[in-house]
Amino acid sequence: RHVRALVQHWFKSGYQPKTIENNLSNLRLLGRWIGKSSLIPGRNASRFFLPEVPPEQLKVGTVAARSKSWSESGVDVGAVIERAHGLDVRFGAMIFLAVAFGLRRQEQVLIRPHQADGGTHLRIRDDIAKGGRDRDIPIQHPFQRAALDNAKGVVRKGESLGWPRGSKQANIRHYSYLMREHLHISKKGSGCVAHGLRAEYSENVALLAGLVPPVLGGDRGQMPPARREAIQQQLSENLGHYSIWVIRSYVGSFRVRPLVPVALENTIVYRGYTF
């Protein structure tokens with residue numbers, strides 16, 4: 001009853017559907033913390049709490065119709081990492097980690113690489129993630145280990161990767177400035193944005209697990225549903241989410257007919273980056 005009243009208040013106050021879904025996601029996490037994991041439905045939560053509202057008014061366009069990754073936008077990721085390192089070694093290390101682990105911008109500037117190295121996984125701790133959601137991201141490929149070791153070589157133990165003299169927001173602004181003005185990563189400059197590195201990571205990890213994402217032409221019949229959903233769930237958790245539905249914004253939906261079929265054996269996992 002209380003959540004329903006709260007969601008109705010948000011809707012009447014003019015909150016956008018995406019904002020309502022994000023707020024419900026936070027409440028869902030809270031429910032898990034207090035042992036009430038069924039408090040918020042895992043799918044179409046806003047519709048559940050607002051049954052009287054026409055579904056089209058609550059629709060959130062979160063399914064990727066095409067790849068948002070840098071590689072699929074024609075960007076040479078390895079070359080960009082090199083250019084970034086030439087500009088600033090911290091900046092280069094941030095992008096390297098983002099490609100390897102799908103980190104958000106805030107996580108890139110706040111992460112302490114030495115503490116984050118869990119051997120077989122990257123540890124996201126110390127409230128640096130969105131919503132304070134700690135997570136462990138498996139290290140599944142040599143490229144990931146190289147990215148983490150590179151970051152550890154850039155900073156001292158206990159030091160974060162961001163620029164020491166700036167606040168978190170100042171670091172994020174400087175990061176965005178370098179990305180836009182020096183690497184020309186923007187919708188206008190290259191046709192993709194910094195957040196596309198999370199899509200890049202998502203596609204790579206899916207391929208590494210043997211699953212061709214819908215945005216790369218994969219269809220739902222390529223493997224048994226239970227295995228496919230397990231891969232999607234793990235990817236969702238790696239990205240800092242808890243629902244497989246969220247990753248549709250990164251890799252597309254298996255409910256949508258793929259545009260171009262892609263054979264897994266012809267796809268290079270991690271795109272053959274060299275650095």
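Visitor: Why is Asp126 called exposed in this predicted model?

Guide: The relative accessibility of Asp126 is 57%, and a residue counts as exposed over 50%, so Asp126 is exposed. Asp126 lies in the loop between strand 1 and strand 2 (135-138). Its phi is near 60°, a positive value in a residue other than glycine.

Visitor: What makes a positive phi worth noting?

Guide: Most residues other than glycine have a negative phi. His184 also has a positive phi, of about 60°, although it is not a glycine.

Visitor: Where is His184, and why is it called partly exposed?

Guide: His184 is placed in the loop between helix 9 and helix 10. Its relative accessible area is 45%; partly exposed covers the range between 20% and 50%, so His184 belongs to that class.

Visitor: How do you know that Asp117 is buried?

Guide: Buried means under 20% relative accessible area, and Asp117 has 15%, so the criterion is met. Asp117 is found in the loop between helix 7 (113-116) and strand 1. Neighbours within four places in sequence aside, Asp117 is in contact with Arg123, Arg145, Leu148, Asp149 and Lys152.

Visitor: How many aromatic pairs are there?

Guide: The count is four aromatic pairs. In one of them, Trp10 and Tyr15, the ring centres are 6.2 Å apart and the planes stand at 20°. The limits are 6.5 Å between centres and, for stacking, under 30 degrees between planes; the pair is therefore stacked. Trp10, at 9% relative accessibility, is buried, whereas Tyr15, at 35%, is partly exposed.

Visitor: What makes the pair of Phe91 and Tyr175 edge-to-face?

Guide: Their centres are 5.5 Å apart and the angle between the planes is 85°, where edge-to-face requires over 60 degrees. Phe91 belongs to helix 5 (residues 89-101) and Tyr175 to helix 9 (residues 168-182), so the pair ties together parts 84 residues apart in sequence. Phe91 is buried at 0% relative accessible area, and Tyr175 is buried at 1%.

Visitor: How do you know that the span of helix 9 agrees with expectation?

Guide: At 1.5 Å a residue, its 15 residues should span 21 Å, and the end C-alpha atoms are 21 Å apart, so the two values agree.

Visitor: Which residues of helix 9 are buried, and what covers them?

Guide: The buried residues of helix 9 are Asn171, Ile172, Tyr175, Leu178 and Met179. They cover an arc of only 125° around the axis, and therefore lie on the same side of helix 9. An α-helix has 3.6 residues a turn, so residues three or four places apart point the same way. The cover over these buried residues includes helix 5 and helix 6 (105-110).

Visitor: Which residues touch the most other members of the largest nonpolar core?

Guide: This core has 48 residues, and Trp70, Phe91, Ile95, Leu97, Phe101, Ile111 and Leu122 touch the most other members. Helix 5 gives the most to this core, with ten residues. Apart from this core lies another, of twelve residues, among them Val3, Leu24, Ala45 and Leu58.

Visitor: What makes Arg4 count as a charge over the ring of Phe48?

Guide: Arg4 lies over the face of Phe48 at 5.7 Å from the ring centre, where the distance limit is 6 Å. Likewise, the charged end of Arg228 sits over the ring of Phe254, 4.9 Å from its centre.

Terms used:
Residues are numbered from 1 along each chain as its sequence is written. This is a predicted model: local features need pLDDT of at least 70, side-chain atom pairs count only at pLDDT 80 or more; totals for chains, interfaces and linings use all residues. Side-chain values use heavy atoms; hydrogens and water are left out. Rings of Phe, Tyr and Trp (its six-membered ring) pair if their centres lie within 6.5 Å; planes under 30 degrees apart count as stacked, over 60 as edge-to-face and the rest as tilted. Buried means under 20% relative accessible area, exposed over 50%, partly exposed in between (1.4 Å probe, protein chains only). Helices (H or I, at least four residues) and strands (E, at least two) are DSSP runs, numbered from the N terminus. A charge sits over a ring if NZ of Lys or CZ of Arg is within 6 Å of the ring centre and within 35 degrees of the ring normal. The expected span of a helix is 1.5 Å times one less than its number of residues. The arc is that of the directions from the helix axis to the C-beta atoms. Contact means heavy atoms within 4.5 Å. A nonpolar core is a set of buried Ala, Val, Leu, Ile, Met, Phe, Trp, Tyr and Cys residues joined through side-chain atoms within 4.5 Å.
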